[in-house]
Amino acid sequence: MTADQGRPVPHWPGRFVRLGANEQVHLAETARSVRDDRDLVLCVHGMSGSATNWTDLMAELAPDFDCAAVDLPGSGSSAPPAKRSGYSIKALAATVIRLIESLERGPVHLVGNSMGGAVSIRVAAARPDLVQTLTLISPVLPDRRPHPATLHFPVLTLPFIGQRLIRFWSRVPAENRVAGVYRACSYDPELLHPDRFAQEVAMLRARDGLGYDPATLVGAARTLVGETLSPRPFSLWRAVEQITAPTLVLFGGRDRLMSPALAVPAARAFRNARVEVLADTGHLAQMQRPGLVAARFREMVARAGMPDAGTRLSPNELTST
């Protein structure tokens with residue numbers, strides 16, 4: 001049962017996966033099928049998110065796929081990286097690559113949202129052998145046009161100031177902070193189930209007790225600003241051009257953080273992608289419209305094996321649902 005059908009789906013149980021002598025990440029997983037032919041869907045969350053951002057989509061896909069969602073270093077239940085450079089998109093992509101190799105389930109269907117979309121782009125470009133298909137939901141892509149919801153990101157990158165601002169924000173009651181995030185990320189935050197809201201508040205309080213959220217958020221802000229200002233030869237747009245896996249790119253028509261107008265350059269840049277703008281959807285389509293995202297994902301996977309799988313939409317063929 002999904003969140004829009006009644007009580008929300010319980011969050012999936014997790015375990016720690018060791019990636020090396022000094023690195024491990026937390027992984028939430030659906031029950032693994034006894035069948036050996038089921039593919040693995042691996043989900044990567046965005047800034048200030050966690051594996052729980054994928055609970056409802058994983059429930060939608062679980063009848064047909066084994067599903068897992070990682071807590072990136074410094075998020076959810078995963079400890080922060082040893083060095084500040086560990087928060088960069090390339091470093092996080094390297095972590096995801098080590099995770100896929102450790103799971104020995106590749107190539108996987110890789111799914112990323114927001115900053116996790118940027119991480120997934122780097123993974124798919126660097127290691128095409130590990131990625132069977134790629135799904136991007138409101139992915140972070142370089143866009144130098146100002147957006148009111150993200151104007152504070154450069155301020156967060158300033159030494160001392162960024163962490164002080166986040167520590168000040170952390171004194172705001174957890175209920176208010178969760179509500180603020182959903183107002184920014186959701187087209188209609190009133191659709192959030194009260195039980196899910198209570199879960200998010202409890203998890204935020206638990207993260208407050210760990211004490212590393214300020215460093216994680218500052219690190220994420222720095223890497224996102226850096227990706228935006230990166231010269232074209234080293235940018236995410238160049239990485240996009242290198243991706244060969246069948247790709248689905250979904251933007252929210254009411255997204256306040258990543259402009260749906262990016263769908264047009266995305267349709268030009270990806271070699272083998274379907275790009276779609278979802279009407280009445282914000283930044284977290286996998287949480288707000290999990291059934292629709294799952295349907296689009298299944299369609300993309302089915303098309304991947306067809307002779308015309310290399311066909312992609314031109315910018316004037318973009319669809320809106």
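No disulfides are present in the structure, which is a predicted model. The cysteine sulfur closest to that of Cys 67 belongs to Cys 43, at 6.3 Å. Because a disulfide requires sulfur atoms within 2.5 Å, this separation is too far for a bond. Cys 67 is itself buried, with a relative accessible area of 2%. Cys 185 is also buried, and its relative accessible area is 11%.

His 109 is located in strand 5, which spans residues 108–113. The relative accessible area of His 109 is 0%, so the residue counts as buried. Leaving aside residues up to four places away in sequence, His 109 touches Asp 39, Leu 40, Val 41 and Leu 42. Its contacts also include Phe 65, Gln 132 and Thr 133, together with Phe 297 and Val 301. Two of these partners can be placed on a strand: Gln 132 and Thr 133 fall within the range of strand 6, given as 131–137.

Backbone torsions were examined next. Most residues other than glycine have a negative phi. Glu 104, although not a glycine, has a positive phi of about 55°. This residue is situated in the loop that links helix 2 to strand 5. Its relative accessibility is 71%, and Glu 104 therefore counts as exposed.

A positive phi, of about 45°, is also found at Ser 138, again not a glycine. Ser 138 lies in the loop between strand 6 (131–137) and helix 4 (153–156). With a relative accessible area of 1%, Ser 138 is buried. The two residues thus differ in their surroundings, because Glu 104 is exposed at 71% while Ser 138 is buried at 1%.

Gly 86 occupies the loop between strand 4 (66–71) and helix 2 (89–103). Its relative accessibility of 15% places Gly 86 among the buried residues, because the limit for that class is under 20%. When residues up to four places away in sequence are not counted, Gly 86 touches Pro 81, Ala 91 and Leu 92. Of these, Ala 91 and Leu 92 have numbers inside the range of helix 2, given as 89–103. Gly 86 and Thr 216 are 130 residues apart along the chain, and their C-alpha atoms are separated by 9.9 Å.

Conventions: Residues are numbered from 1 along each chain as its sequence is written. This is a predicted model: local features need pLDDT of at least 70, side-chain atom pairs count only at pLDDT 80 or more; totals for chains, interfaces and linings use all residues. Side-chain values use heavy atoms; hydrogens and water are left out. Helices (H or I, at least four residues) and strands (E, at least two) are DSSP runs, numbered from the N terminus. Buried means under 20% relative accessible area, exposed over 50%, partly exposed in between (1.4 Å probe, protein chains only). Contact means heavy atoms within 4.5 Å.
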